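Thanks for coming, everyone. Please have a look at the screen, and I will walk you through a few parts of this chain.

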Amino acid sequence: MSEPDVAALARGGYRCSLCDVRLPNSPTLNDHLKGKKHQKLLSVRTARKSQQEKSLFVSGFHKGTSNLEITDYFQTFGTVANVIMDKDKGLYAIIEMESTEGVEKVLSITHHCMNGQKLRVKHKENKEFKYIPKKKQDPGKKQLIDFEELIQVLCQAVDVDEQMKQLLQLFELTDSEKILRKLVVSLLQEVFLEFFPSCRILPFGSSVNAFDIHGCDMDLYLDLEHTKTFQANARSTAETEEVNETKQDTQSEDSILSDINLETSTTTEVLELVATVLQKCVPGVHKVQAVTTARLPVVKFIHKESGLQGDVSINNRLAVRNTMFLQLCASVDQRVRPLVYAVRYWAKQKQLAGNPFGGGPLMNNYAVTLLVVFFLQNRTPPVLPTVNRLKEIADEDDHCVIDGWDCTFPSDCSKVEPSANSEGLCGLFTEFYKFYSQFDFAGTVISLRKGKVHLVTDFIGPESDKTLRLGPINIQDPFELSHNVSGNINERTGQKFKRQLDEAFKYCRSLQYQRKSNKGKIWGIVRLFQPLSSTECSPAHSPAVDYSPGKELSHGVNMLTIPFKLSSLSEQTRGKLHGSPDFREIWFNKVCHAVLYVMETVLECSCSCTEGNNVQTNDVKISSFGGTGNKEEDHFGLKRPFPVEEIPETSSTKKARAESLQYQGEVTWHCAVWNRVWIGRRKMRRQLHYRTRESDTSTSVVISSLEIEEKVTEAILKQEENGDKSSPLIMFTLCAFLVGGNEDTRTMIRVTPIQQTALFLEFFHFLESFVPKMTEKCYEKSD
């Protein structure tokens with residue numbers, strides 16, 4: 001078969017790549033190749049190829065330049081067949097010449113100037129023709145610009161500041177989109193007033209908070225406070241007046257409320273009523289669904305004519321106020337919007353924020369926006385004021401309390417003094433990544449109300465406004481102080497977020513970010529937006545880095561990382577940490593106890609703790625397992641005879657010895673491994689579990705993970721009891737130190753072999769996942 005678009009399949013049959021169809025046999029294939037669909041696509045592909053060869057990509061002209069002006073200019077090089085303008089923003093144009101000779105004439109000129117403006121002209125990028133079945137386009141949803149097209153536009157900008165402004169223009173809702181959304185809200189308001197007198201439909205969230213993007217959903221709050229008053233008055237009138245014509249008229253107007261009391265009804269009951277109104281009474285609305293089990297119950301719907309998707313909630317006044325707060329921030333300083341758009345798009349492209357795609361919970365756009373606001377509050381001088389400062393300059397009419405939370409700030413942005421900060425967007429973007437790459441997310445709570453961070457231990461107390469759900473990243477809502485807006489993310493997402501911040505800051509210090517490329521390479525913010533590769537998306541993607549205090553980060557060092565997780569600590573330990581400014585040292589001390597317990601008791605390694613960092617290897621002593629059985633300890637590398645009668649050190653004894661130690665600063669252990677305790681653990685764990693069920697079916701004893709792992713090690717040692725114990729298999733040092741303060745609170749453990757061998761690397765890869773996991777289990781149980 002000579003057809004270039006046809007390939008034979010391994011299991012028989014054929015596939016036409018042009019039409020994207022599979023065909024079972026040769027006769028069917030021949031019919032397909034002669035068919036209208038295939039012939040039409042062949043014709044379209046040929047025409048598209050011809051158009052691409054005769055097309056130019058032009059940008060740099062004044063905004064508002066007409067189609068006719070561009071045609072007149074390029075007509076001097078040859079006949080212009082067609083001009084396609086970027087109608088929404090007017091940033092570029094695609095020009096199709098009548099012949100390829102005209103294209104060659106245009107490109108032969110190095111500099112083009114029109115109306116005093118230098119043009120950027122190049123050959124239109126050739127794209128492989130691909131058949132895409134036509135789908136009905138939702139009129140209310142304009143798709144985001146294609147990434148390849150985005151690269152073309154942004155790389156033509158003069159500097160980074162212009163790139164960020166263009167990004168804003170490309171992503172924000174157009175005037176027609178905003179008008180369409182207002183019309184849908186007006187339609188809903190008109191219908192709902194018929195059934196819920198005096199109600200209000202208030203839009204909030206991304207579509208109206210000044211950070212809108214094409215295709216964003218409509219979040220709507222149905223305010224029923226005045227409706228409740230209306231219903232209460234109607235019921236009072238019904239009880240005191242006789243049945244008359246006026247009363248009958250009132251009941252007919254209030255018929256849908258006659259069977260439900262808004263004051264006493266549950267959220268689910270009211271939302272089901274809202275869903276009924278949407279489905280049966282609002283023209284063009286379909287796919288209505290009441291989601292009553294979510295944290296914030298809503299009714300979802302789609303407006304068919306506009307294609308807009310929306311959510312209606314009834315208990316979300318705080319979200320409306322938050323939206324007004326973001327609107328105020330955006331209007332106070334013109335740098336806020338482009339900076340937020342750039343950071344949010346970066347977070348989306350790096351799979352840190354937005355809708356999750358199977359990679360775990362991600363940050364929401366509101367949390368990312370608050371990170372930008374907090375950063376701007378902490379510039380010198382500040383770009384944005386704190387929430388407390390906004391409260392001070394607010395008038396009495398601006399006073400607002402919602403659900404007991406003070407939500408006061410000015411409604412007029414002119415009351416806020418302009419910032420004295422004159423930093424450009426390029427510098428602010430770089431400083432954002434620098435600020436958060438050095439940030440201690442796990443050990444602090446971000447407060448926009450005060451514009452500073454609090455220690456996580458300040459939020460352990462019983463006070464109602466301090467019951468935050470603490471996690472890897474803690475951002476306190478500026479008004480609902482008990483809500484951590486990033487409380488949904490897990491440790492993996494937190495580590496990935498920190499890693500991407502580090503990489504972004506490193507790039508922002510390069511010339512490729514600061515200067516436009518003269519060779520047509522990607523530069524500026526564009527490179528930051530490149531999607532993650534499949535390797536970078538992998539949870540295991542974490543380059544080995546040396547976090548040694550006072551040293552630059554370097555690659556190739558064997559490091560174990562134990563992040564600070566307040567949620568993993570027991571209530572008793574949390575009580576010890578409550579309000580303590582030294583909680584990092586207290587936690588580090590606890591981690592050191594746990595690490596020693598895991599190494600000695602769980603893995604049966606020989607460990608010797610030593611003070612200082614300059615201990616010579618040949619001076620290091622070892623203890624306990626495999627030793628001589630007396631109080632004297634042998635040197636590394638010496639032949640070690642087994643005792644006739646050895647009194648082993650029990651697990652409880654080792655644990656007590658570990659907990660009696662007090663570690664401060666940097667702690668070093670010299671360790672020896674005498675058995676391959678890391679090999680076959682999973683298989684042994686399954687065998688032990690099976691035997692336990694066989695031998696004791698009458699009781700249901702719950703065994704902790706630590707105890708199971710100790711039993712696994714014991715079983716492995718029994719299998720190898722006849723092995724050579726004359727010298728250790730592996731000798732190495734563990735150096736633990738605390739990283740915190742201006743960086744993420746975590747314990748780093750540098751693992752240094754006495755001799756680098758393949759066996760050590762195998763053991764280290766086991767320790768990478770085993771030690772952090774077991775250490776956490778250890779200090780969970782220790783109290």
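In which sense do β16 and strand β18 pair, and over how many bridges? They pair in the parallel sense, over two bridges. Strand β18 covers residues 475-476. One pairing to point at here is S447, whose bridge partner in β18 is Q476.

Before I go on, a word on the source. This is a predicted model. The chain has 783 residues, and 46% of them count as buried. Its secondary structure comes to 24 helices and 23 strands. Now take the contacts with a separation of 6 or more. Residues 24 or more positions apart account for 67% of those.

Back to β16. What does strand β17 do beside it? β17, residues 452-455, runs antiparallel to β16, and four bridges join the two. Across that pairing, V445 stands opposite H454. The two strands make a hairpin with four residues between them. Look at G451 in this hairpin: G451 takes a positive phi near 70 degrees.

Put the strands together. They form an open sheet of three strands, in the order β17-β16-β18, and the pairing is mixed. Which strands are at the edges? They are β17 and β18, and each pairs on one side only. A helix also packs on this sheet: α13, residues 365-377. Helix α13 touches β16, β17 and β18. The direction of α13 makes about 80 degrees with that of β16.

Now the side chains of β16, residues 444-447. T444 and I446 point one way. V445 and S447 point the other way. Are these residues buried or exposed? All are buried.

Next, a pair of helices. How do we describe such a pair? Two packed helices are described by the angle between their axes and the distance between the axes. Here the pair is α7, residues 175-195, and α10, residues 267-281. They pack at an angle of about 120 degrees, with their axes 11 Å apart. Angles from 65 to 115 degrees count as roughly perpendicular, and those over 145 as roughly antiparallel. The angle of α7 and α10 is about 120 degrees, so the two helices are oblique to each other. The crossing of α7 past α10 is right-handed. Which residues make the contact? From α7 there are L188, V191, F192 and F195. From α10 there are V274, V277, L278 and C281. By class, this contact has eight nonpolar residues, no polar ones and no charged ones.

Two single residues to finish. The first topic is a lysine, K496, in helix α16, residues 491-508. Is K496 buried or exposed? Buried means under 20% relative accessible area. K496 has 13%, so K496 is buried. What does K496 contact, leaving aside neighbours within four places in sequence? The answer is K350, Q351, L352 and L532.

Then there is C16, in strand β2, residues 14-16. The relative accessible area of C16 is 0%, so C16 is buried too. Not counting residues up to four places away in sequence, C16 touches D5, V21, H32 and H38. One distance to add: the C-alpha atoms of C16 and E3 are separated by 9.2 Å. Along the chain, C16 and E3 are 13 residues apart.

That is my tour. Over to you for questions.

How values were computed:
Residues are numbered from 1 along each chain as its sequence is written. Side-chain values use heavy atoms; hydrogens and water are left out. Buried means under 20% relative accessible area, exposed over 50%, partly exposed in between (1.4 Å probe, protein chains only). Two strands pair if DSSP finds at least two bridges between them. Axes are lines fitted to C-alpha atoms, for helices over the stretch in contact, and angles run from 0 to 180 degrees between N-to-C directions. Angles under 35 degrees count as roughly parallel, over 145 as roughly antiparallel, 65 to 115 as roughly perpendicular and the rest as oblique. A crossing is left-handed if the near helix is turned anticlockwise from the far one by less than a right angle, and right-handed if clockwise. Contact means heavy atoms within 4.5 Å. Ala, Val, Leu, Ile, Met, Phe, Trp, Tyr, Cys and Pro count as nonpolar, Asp, Glu, Lys and Arg as charged, and the others, Gly among them, as polar.
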